[in-house]
Amino acid sequence: MSNDMSTNSQQLWQRYQKYLFLDEALEMSLDISRMNFGEGFFASIEPRLHRAYEAMAELEKGAIANPDEGRMVGHYWLRAAHLAPRKLGQEIISTLDNLKAFAAQVHEGEISPQHAERFENVLVIGIGGSALGPQFVANALSQPGEDNMTPYFFDNTDPDGMERVLKQIGEDLKKTLTVVISKSGGTKETRNGMLEAQAAYHEMGLHFGNHAVAITGLDSQLDQVAVNERWLARFPMWDWVGGRTSETSAVGLLPALLQGFDVDALLEGAAQMDEATRRRDTMQNPAALLAAMWFHATGGAGRKDMVILPYKDRLELFSRYLQQLIMESLGKEK
C-alpha cells in the first residue's frame, strides 16, 4: 500500500471514529463520516439546529402549529401521555386500554362475526399515512401462520386492486373484521373503499356493521355512519395527530393489536427514540444529524433528492412511509 493510500485510510478511520453516532441502548448507529462536510460545518449550522430544538419544545408543550385551523401537533404524546397538555393524557391512556380490551374480546371470540365463530382476518381501509403506517408495521413484524389475524389493505382508489384483495380473502370475508380509517370521515378514497367492502359483505348476505370498526373524529361523517349502522366499535382519531404520524394512535395500534403484536414494546421504543431525538447535543441526536446532512447535501435549498434503499425485504415500505413523513413536515402536503 502506498503512503498516500495509507494516509487516506487512516484519515477516513479517524473521521469515522469522530463522527460515528452509536447508541447501544437503542441498538442504533449512524455513520455520517463520508458526507464530506468541512470541520467548521457543525459550528455554522448549530444556531439553526438550536432554533429547531426550541421550536420543537414549544410544539410539545402544546403550541399551535396550524394557525389557520388552531391545531396543536401532538403525536409524541401518544407514547408519553404524561407530557400531554389540557388533560389529553388520560384520554390517550383510556383509548389504549379500550383498544386492548376490544382486541382481546375479538381474539377470545367474545366479539364475533355474524355467521362464523371468530374473526380470523382484518381488512384495513385507509389512504396515505392512515394505511401506510399499519402496512409498514404489518410487513415488518408479521409472522404468517403465527399472527392472531391475517391483515389485508385497501390503500388506493383502484377498483381492480380492491377486487384482487377481496378475491384473496374469498369466502373468508365472513371471518373478516374491517377497520375504516378517516379523520374527517369524508375522505373520498376511503369512502370508496368502504362502499366496495360493504357491497362485498352484502353479496354474502352479511350486515356490514356486524363486521366493521371506525377510527375517526368525533361526530364526523364516518362516526355518524358507524352509530347509525351499529358498527362494532368506534375509536378516536384526534385532530392534533396527522395521518402520517398516526401509527402510535388507534390508527396503527388497533391493527397491530389484532395481529397480536406487543404494542407496549412498540410504544416504549417510540418513546425512547423521541427522547434521543430531543437531545440538545447535536452529535448525540440522530434526527438532528440526519437533518444536518440533508441540509449539507442539498446546499440548504433542496438541490438534490434523498434516496432510501432498505436492504431488508420486511422494510420495503419504510422509504415510502418516511417520504410521507418528510413531505408533511415540509408542509408540501396537507
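In the next few minutes I will talk about one strand, S5, and about the helix that follows it, H4, in this predicted model.

Let me begin with the strand itself, which covers residues 121-125. Is S5 buried or exposed? If we count a residue as buried when its relative accessible area is under 20%, then 5 of the 5 residues of S5 are buried, and so the strand is largely enclosed by the rest of the structure. It helps to remember that in a regular strand the side chains alternate between the two faces of the sheet. In S5 both faces are covered, with Asn 121, Leu 123 and Ile 125 buried on one side, and Val 122 and Val 124 buried on the other.

Now to the neighbours of this strand. S5 runs parallel to strand S6, residues 150-154, and 5 bridges join the two; within this pairing, Asn 121 has Thr 150 as its bridge partner. To get from S5 to S6 the chain passes through helix H4, residues 129-141, and the resulting β-α-β crossover is right-handed. S5 also pairs with strand S7, residues 176-182, again in the parallel sense and over 5 bridges, and here Val 124 is partnered by Val 179.

Finally, let us follow H4, which packs against helix H8, residues 250-259, at an angle of about 35° and with the axes 9 Å apart. The crossing of H4 with H8 is right-handed. Which residues of H4 meet H8? They are Ser 130, Pro 134 and Ala 138, and on the H8 side they meet Val 251, Gly 252, Pro 255 and Gln 259. Taken together, the residues of this contact are 4 nonpolar and 3 polar, with no charged ones.

Key
Residues numbered from 1 in each chain as written. Predicted model: local features only at pLDDT ≥ 70, side-chain atom pairs only at ≥ 80, totals over all residues. Heavy atoms only, no water. Buried < 20%, exposed > 50% of the residue type's maximum accessible area, 1.4 Å probe, protein only. Helix = DSSP H or I, 4+ residues; strand = E, 2+ residues; numbered from the N terminus. Pairing = 2+ DSSP bridges. Right-handed = clockwise from strand over helix to strand, strands pointing away. Axes fitted to C-alpha atoms, helices over the stretch in contact; angles between N-to-C directions. Left-handed = near helix turned anticlockwise from the far one by under 90°. Contact = heavy atoms within 4.5 Å. Nonpolar A, V, L, I, M, F, W, Y, C, P; charged D, E, K, R; others polar.
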